[in-house]
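Reader: Hi! I am new to protein structures and would love a close look at one part of this model, the aromatic pairs. Could you walk me through them and show me where they sit in the whole?

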Amino acid sequence: MSDIEVEGYYKREAKDLITLLFDKRFLNDELSRESIDWLEDYIGFLFQSKSETAAKCAVLTAKMRDKKE
């Protein structure tokens, strides 16, 4: 995961989610800052990956639809 650069938008979204989970006590208070940073990076990576996959699928679907016509 460290070799993939996560865009700022997804990093902010992940940080907001992790902050919410921490504030609502869904995360252990004893988690280290390093663990929380890793979790934010991982969630940001997941958000970005899913978004990029959805965009690629939309392009592929459009190409397939064009070929049928």
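Author: Happy to help; here is the overall picture, followed by the aromatic pairs and one buried residue.

This is a predicted model, in which local features need pLDDT of at least 70 and side-chain atom pairs count only at pLDDT 80 or more, while totals for chains, interfaces and linings use all residues. Residues are numbered from 1 along each chain as its sequence is written, and side-chain values use heavy atoms, with hydrogens and water left out.

Let's start with the whole. The protein has 2 helices and 0 strands; helices (H or I, at least four residues) and strands (E, at least two) are DSSP runs, numbered from the N terminus. Its radius of gyration is 17 Å, well over the 11 Å that the globule rule gives for 69 residues, so the protein is more spread out than a compact globule. That radius is taken over C-alpha atoms, and the rule is 2.2 Å times the number of residues to the power 0.38. Along the principal axes, the C-alpha atoms fill a box of roughly 60 × 25 × 15 Å. Buried residues account for 14% of the 69, where buried means under 20% relative accessible area, exposed over 50%, and partly exposed in between (1.4 Å probe, protein chains only).

Now for the rings. A pair of aromatic rings is described by the distance of the centres and the angle of the planes. Rings of Phe, Tyr and Trp (its six-membered ring) pair if their centres lie within 6.5 Å; planes under 30 degrees apart count as stacked, over 60 as edge-to-face and the rest as tilted. Searching the whole structure turns up 2 aromatic pairs. In one, the ring centres of tyrosine 9 and tyrosine 10 are 5.1 Å apart and the planes stand at 80°, so this pair is edge-to-face. Tyrosine 9 is partly exposed at 46% relative accessibility, whereas tyrosine 10 is buried at 13%. Tryptophan 38 and tyrosine 42 form a stacked pair, with 5.3 Å centre to centre and 5° between the planes. These two residues are 4 apart in helix α2, so about one helical turn separates them. Tyrosine 42 is partly exposed, with a relative accessible area of 31%.

Helix α2 (residues 33-68) also holds glutamate 40. Glutamate 40 counts as buried because its relative accessibility is 11%. Leaving aside neighbours within four places in sequence, glutamate 40 is in contact with Ala14, Lys15, Ile18 and Arg33, where contact means heavy atoms within 4.5 Å.
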